[in-house]
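Trainee: Could you take me through one part of this structure up close? I'd like to see how the pieces there fit together.

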Amino acid sequence: VRLQNTWKQYYHPDFPFPEEPDDEHPTAPQLQRYFEQCAEHFALDIRMNTQVTQMEEEMGGWKVSYKSNTGSKQERFDFCIIATGQFTREGEKQSLPWSGIEDFEKQGGNVLVRRDMTDMGIVKDKKVAVIGFGKTAVDFCEFACSNDAQSVTHIFRNPRWMIPSTVGGLDNSWLLFNRVNNETIPAWDYPNSVQQFMHDKFPFIFNTIWGLIQNVCWFIYSFPSWFQSPEIRDNFVLYKPQYHLLRDHRTAAAVCPPNFFQNVRSGKLVPIKGSIDKFAPRGILIDDGRMVEADIVFACIGNGNDPKSFPFLPQKCRSVLEKDERGFQLYRHLVHPELPNLAFPAHGALHTCHAYLASIWISCLLRGEMSLPDADAQLATIQHIADWKKQHQNYEPNLYDSVNTRVTHYNDTLMMDLGLNPKRKSNPIAERFARYGPGDYAGVLQEIQAKRETGKFRLHPVAVNM
């Protein structure tokens with residue numbers, strides 16, 4: 001398992017990797033080592049194997065109950081940041097929506113969800129079926145093909161656009177994370193008036209640009225299949241999404257595994273487009289009557305369509321956070337006027353940068369240095385952003401609480417909220433065309449601390465154009 005981002009796009013801005021990873025896309029052990037070094041550097045109080053069981057609101061703070069290997073305890077905190085990740089529900093076998101699984105397993109079949117998969121060697125000489133089209137699903141297709149499965153069948157209802165890992169030998173981060181590219185992506189708000197004007201008045205320009213990009217992506221994937229058999233060409237057609245690439249600028253977008261379409265061309269990976277009716281003793285029955293024989297089934301359907309769950313919070317908080325299957329929309333993707341003394345860091349393509357700037361933003365709020373709009377204005381902004389996402393982006397269970405590919409949109413807004421210049425490059429050409437990453441935001445905390453020392457440090461978030 002590897003990180004989708006390169007390591008140069010995934011580190012704490014004030015603590016680069018002490019040793020550069022050997023792999024451009026770090027492995028899980030390499031990341032774990034870095035996280036341990038980061039925690040030691042910042043002297044973080046991290047309590048592993050500890051589960052929060054209840055949070056009770058108290059005057060000006062929270063009483064947090066938790067349990068660990070040493071027993072149950074309670075502590076009081078003035079402010080809580082809930083950073084439980086994009087998915088709070090575990091993908092579990094018993095929650096899978098199909099009948100017949102028990103009979104399939106009695107006949108020797110094996111159904112696995114992502115948490116069950118620890119050894120890809122089990123696929124050797126087996127008939128494998130992979131259900132779903134998210135990042136986990138396409139990775140498992142690749143893993144099964146590369147670990148000598150007898151056959152690999154990929155079952156999905158609708159294909160999604162996948163991001164090429166490289167374009168012309170250049171890592172995709174150079175294209176995705178530069179300012180010019182980000183300015184072509186429609187968003188719920190724009191950090192400057194020129195972008196706002198162009199997207200309001202000439203949206204067809206940006207639709208055309210991204211239409212060309214999606215055609216280039218599909219050409220890169222499908223061109224070699226033009227010289228294959230009709231059956232292989234038909235398989236490629238099943239992988240072509242039937243909607244505009246802009247609708248897939250969301251968290252669920254996956255980087256295409258390096259050999260994915262090569263496996264389709266070779267016939268190792270066979271797509272089946274359709275919905276599953278039920279499991280049968282020897283495999284999976286598709287709703288159009290087709291039978292897919294399988295020894296092992298990887299069910300990679302994420303965490304279902306349920307909203308995130310926060311069972312440790314009071315019901316009044318849960319009613320705000322769990323009411324919509326698309327997740328929860330917040331002011332600045334961080335706070336909500338009806339959830340006092342709580343914050344939730346946003347997720348996005350440059351996650352470490354977002355989290356770093358968001359932490360500084362929250363610290364300014366806690367110190368009384370930032371004055372937010374009144375509750376009605378915050379709620380109006382929240383509703384505007386949620387409505388925009390619902391209209392312009394495909395569904396996913398964390399649609400509202402993610403900034404996804406709007407990298408400079410979001411970072412620029414936070415930087416302007418903090419009273420800092422969002423343009424971080426050394427010259428105008430680099431500002432437009434060089435990729436942004438954690439190094440560009442190194443020292444932001446020190447800049448804020450210098451402003452504090454002046455004694456005249458008051459912040460007001462920039463308004464959202466609605």
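Mentor: Let's look at helix H7 and what surrounds it. This is a predicted model, where local features need pLDDT of at least 70, side-chain atom pairs count only at pLDDT 80 or more, and totals for chains, interfaces and linings use all residues. Residues are numbered from 1 along each chain as its sequence is written, and side-chain values use heavy atoms, with hydrogens and water left out.

Helix H7 covers residues 203-222, and helix H6 (residues 193-201) packs against H7 at an angle of about 85°, their axes 5 Å apart. (Axes are lines fitted to C-alpha atoms, for helices over the stretch in contact, and angles run from 0 to 180 degrees between N-to-C directions; helices are DSSP runs, H or I, of at least four residues, numbered from the N terminus.) That makes H6 roughly perpendicular to H7, a label for angles of 65 to 115 degrees. On the H6 side, Met198, His199, Asp200 and Lys201 meet Pro203, Ile205 and Phe206 of H7, where contact means heavy atoms within 4.5 Å.

H7 also supplies three residues, the largest share, of a nonpolar patch. Helix H4 (173-176), like H7, gives that patch at least two residues, and Trp174 lies in H4.

Terms used:
Parallel < 35°, antiparallel > 145°, perpendicular 65-115°, else oblique.
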